[in-house]
Amino acid sequence: MDKFRYASYPQEIIFGAGALEQIGVVLAQNNWTRACLVTTHSQRVNGNLARLQNLLGAKWGAAFDATQPHVPQQNVDDAIQLAREHNADVLVALGGGSAIGVAKATCHALEIPIIAIPTTYAGSEVTPVFGVTRERDGVARKETVNHPRVVPRVVLYDPALTLDLPRELTASTGINAFAHCVEAVYSAARNPLSSAAALYGARLIYRTLPRCVEQGADLRARSELMQGAYLAGMALANVAMGLHHGVCHVLGGTLNVPHGIANAIVLPHAIRFNADACAAELAQLAREIGIEAEGDELAARELGKRVAQWTRLMQLPARLRDVGVRETDLELVARLAANSKTVQNNPKKISEAEMQNFLSEMW
Ligand code: NAD
C-alpha cells in the first residue's frame, strides 16, 4: 500500500433506533420539499411505507414499491417516470440494496439527491456504485456504474427496522457485508481507511451475525451488526472489488440468484483461491476475528473454512445446484465472469479455464 487514492463523499449518517423519525427534520434542513419513495412491497406490508407517508405529511409525493432484485431496467424507468410526474426533489430509498440501487439509477438520471434508509446489511447506502440488469444479446447482464452523484446525501440507519428481517436474509446479507471486508483488505486499490474499516467491520459482523440470525429481535446485536455493515460498505466504497463480487454479479444478474445467497456460496471458494497470493492481508483479517494459525497462508485458509462453517450453521445453501443453477449454465457464467472488469481487478489473475474449475467446485 505504498501509493493510494482516496475520495470522500458529502454524506450525513444518522444512526440509532428510531432514526427513521428524523426524516422530516432532514427534509427541512436541506430545503427538500417533495419526496418520492423507492421501496419494495415488503415495506408496504410491514407498515413502514405508511409510517413514512405519515412522517412526511405534505412533502409526500408518491411511492414506487415494485422494486425487484438486481435492479431491472424496467424498475428504473418506472421510478424515473414517477419521480418526474410528482416533481420530486428528493428520493427516499427504503429497503435493501435493490431498492437503493433503483433510487441510485433514478438519481443518476434525474440529478436529485437520495436519503437512504437501509433494511438489510448490503451496504449500498454509502457507495458511489450501482448495478442495473439489462438484456443484451439475449442474456441478462448486471452492468455497474460508478458516479459520485449517486452516493446518498443522508443515511438514516435505524436498526429497529431490521428486527423483522427474516433469518435467511439476515444471514445472507450479513455474509455479503463480511465479503465486502474480505475483498477490501486484499484489493489492489486498498488504502489505510478502507483497510481499517474492513478489519473493524469484519470483527463486528463476525461477533454479532450469528446472534442476529438466532435472536432476530435483539436490538443491541442488530445495532452492532448494522455498524459492521456500515463499515463494510465504507471499505467497499473506495476500492475495487475482485473475483468474489465479479462472480456474484453474474450469478445474480444473469441467473437471478439472490445476491446474499450468491455471496454465501462463493465467498469460501474466493478466499481459498486468493489464499496464497493475498496471504498477509487475509491473515490480518483472520486474526481480527480470533483465528490463530501458524503462518499467513494457513490463517487465510482457516478463514475460508470458517466462512464455509458459518454458511452451514446458518443453514444457507452452500452449492450452486441448491439454488437452481444447472451444470450447463456454468460455461456461460465462466465466460461472463472471466471477462468482467471486477474479476479482472482480482489481485490474483484467473483464466476462463480456471474460472470453469472454480465454478465447478462450488456447483
Ligand atoms: P434486496 O434489496 O434484493 O432485498 C432482498 C429481499 O429482502 C427483498 O424481497 C426485500 O423485500 C426484502 N427485505 C428487505 N428488507 C426487509 C426487511 N427489513 N424485512 C423483510 N424483508 C425485507 O437484497 P440485498 O441483498 O439487500 O441487495 C442486493 C442488491 O444490492 C443486489 O442487486 C446487489 O448487487 C446490490 N448491492 C449493491 C451494492 C453497491 O454498493 N452498489 C452493495 C451491495 C449490494
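**Note on helix α10 and the ligand site**

1. Helix α10 bends by about 40 degrees at Val266, and a proline, Pro268, follows within four residues. The model under discussion is predicted.

2. The length of α10 can be checked against its residue count. With 16 residues (259–274) at 1.5 Å a residue, α10 should span 22 Å, and the 21 Å between its end C-alpha atoms agrees with this.

3. As to its surroundings, α10 is largely enclosed by the rest of the structure, because 14 of its 16 residues are buried. Buried here denotes under 20% relative accessible area.

4. Turning to the ligand, 26 residues surround it, of which Ser98, Thr119, Thr120, Thr127 and Lys142 are the closest. By class, this shell consists of 16 polar, 7 nonpolar and 3 charged residues.

5. Several helices contribute to the shell. At least two residues of the shell come from each of α2 (41–45), α5 (97–110) and α6 (167–186). The largest share, 4 residues, is supplied by α6.

6. Polar contacts to the ligand involve both backbone and side-chain atoms of the protein. A polar backbone atom of Gly97 lies 2.8 Å from an oxygen atom of the ligand. Nitrogen atoms of the ligand are also approached: a polar side-chain atom of Thr119 is 2.7 Å from one nitrogen atom, and a backbone N or O atom of Val129 is 2.7 Å from a nitrogen atom. The ligand taken alone exposes 870 Å², and 85% of that is buried by the protein.

Notes: Residues numbered from 1 in each chain as written. Predicted model: local features only at pLDDT ≥ 70, side-chain atom pairs only at ≥ 80, totals over all residues. Heavy atoms only, no water. Expected span 1.5 Å × (residues − 1). Bend = angle between axes of the 7 residues up to and from the residue. Buried < 20%, exposed > 50% of the residue type's maximum accessible area, 1.4 Å probe, protein only. Near = heavy atom within 4 Å. Polar contact = N/O pair within 3.5 Å; in protein donor to acceptor, adjacent residues only side chain to side chain. Areas by Shrake-Rupley, 256 points an atom, 1.4 Å probe, with all protein chains shown as cover. Nonpolar A, V, L, I, M, F, W, Y, C, P; charged D, E, K, R; others polar.
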